[in-house]
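Here's a quick walk through this protein, from its cysteines out to its overall build. Have the model open while you read.

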Amino acid sequence: MDSKRFLFVSADAALITDLAWQVHREGHDVKYYIEAESDKEIGDGFVPKTDDWEAEVEWADVIVFDDIWVGSDIGTGALAQELRERGKAVVGGTPSTDRLEEDREYAMEVLEDHGVNTVEHHVFEDFDAGIQHVRENPAPYVIKPLGEVQNVKRLLYVGDEDDGSDVVDVLRAYKKAWGHRMKGFQLQRKVEGVEIAICGFFDGEEFVDQVNFNFEHKKLFPGNIGPSTGEMGTSMFWGGRNMLFEETFGKLEGWLAEEGYVGSIDINCIVNETGIYPLEFTPRFGYPTIALQEESFESPTGQFFYDLAHGNGPELDVHNGYQIGVRVVLPPFPFDDGKTYDESSRNAAVVFRTESREGIHLEDAKNVDGQWRAAGENGMPLVVTGKGETMQAAREQAYGRIDDIVMPNMYYRDDIGERWLDGDGDRLLAWGYLGPQT
């Protein structure tokens, strides 16, 4: 493929550095824009930058948005839609697909309108009304904050008690501590089973045939305990349009085509022997999922996204085994504490024991005169990946690569992929969801 011009736009936090770096390494012309002042140094020394993305629109053959946000309350879907109307090739959403993530009740309505099964759910703007609902309908629930605090991951609470008493206690505590900011929340009936996300790439008209099935690990500590984070690691494999796909995205394909959506879209589900229960959408790239997906691409990344954005019938060859990705972090992640970050992590050097950089992916990192360093203020410098014919082989490769990294104060979960080995895979097969694709 001839060299193409890619403009990557981080209109809020810098999230797409690794994808921009990969496309740049493949020989394409890349310009990377980062809006957030605290993140502007991320990617320095790895990727060419621009301070004005709008001035580069006519230059670009492809424009890639990394998230649904511009600042705190404006979606990039509106920008992407406007650019497509001007004839530009864009990887990005629409106002309606942005809303799938920011408005959980709307997302459930879209699913129901298209015949997709959903979990019982209720939205409340008043804490006392939510508490009364739990008391009148005792059961385990999941509390999902809405509005400006929905991305404060530690506020998501998964109930354990059959009578919902722990959910009542948490709602009382949230009313006192967060009542001034948490203007609403969704109570979702807790469903037991295997948590799995179905992820596809949509080219504006249809899904690419390769479908990604991944398992998120959101808690900070091994064993899935501790505070919730954006993500500590992911395990995955690729398959075809099996039952999991057909009962979710298979029913939404026409709606996404009407919207003109282009890019990655993910739906996280709980599945068990009785059904598939979607929980939430990610109508954008997932992080660190996209780094792990890149690792398993056997097609050129730049050509794939060029064809995806232009609706050229993109073809994607992928590794047929299993993959895992591990986020390597620094203090005080996942919390905000400027003093701790300054003392323990700012500009931390990343030292490699070997010359190989296979499986090493960028998050909040920069390159200063050949020395890799932590960048920004979030404490998420690297994602390390591995792949193999079995999940255990993928684990061994990824953690072997981490052993070759020296970074003071770094930490990570050492159990990514173990859920599959402990029975998730067997249960999915026994329930008939995966079929011959695995």
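## The cysteines

Let's start with C269: its relative accessibility is 0%, so this residue counts as buried. Keep in mind that this is a predicted model.

What about C199? That cysteine is buried too, with a relative accessible area of 3%.

## Any disulfides?

How many disulfides does a search of the whole structure find? Zero. As a reminder, a disulfide is a covalent bond between the sulfur atoms of two cysteines. The cut-off here is a pair of cysteine sulfur atoms within 2.5 Å. For C199, the closest cysteine sulfur belongs to C269 and sits 12 Å away, so the gap is too far for a bond. Coming from the other side, C269 is in no disulfide either, and its nearest cysteine sulfur is that of C199.

## Overall build

Zooming out, the protein has 13 helices and 22 strands. With 438 residues, the globule rule gives a radius of gyration of 22 Å; the protein comes in close to that at 21 Å, so it is as compact as a globular protein of that length. The C-alpha trace spans about 60 × 50 × 45 Å along its principal axes.

Among contacts with a separation of 6 or more, 68% come from residues 24 or more positions apart.

## Inside and outside

Buried residues make up 56% of the 438 in the protein. On the outside, about 17800 Å² is exposed, and carbon and sulfur atoms supply 43% of that area.

As for charge, there are 40 positive and 83 negative ones, and the mean positions of the two sets are 5 Å apart.

Conventions. Residues numbered from 1 in each chain as written. Predicted model: local features only at pLDDT ≥ 70, side-chain atom pairs only at ≥ 80, totals over all residues. Heavy atoms only, no water. Helix = DSSP H or I, 4+ residues; strand = E, 2+ residues; numbered from the N terminus. Rg over C-alpha atoms; globule rule 2.2 N^0.38 Å. Buried < 20%, exposed > 50% of the residue type's maximum accessible area, 1.4 Å probe, protein only. Contact = heavy atoms within 4.5 Å. Areas by Shrake-Rupley, 256 points an atom, 1.4 Å probe, with all protein chains shown as cover. Lys, Arg positive; Asp, Glu negative; His and termini not counted. Charge placed at Lys NZ, Arg CZ, Asp CG, Glu CD.
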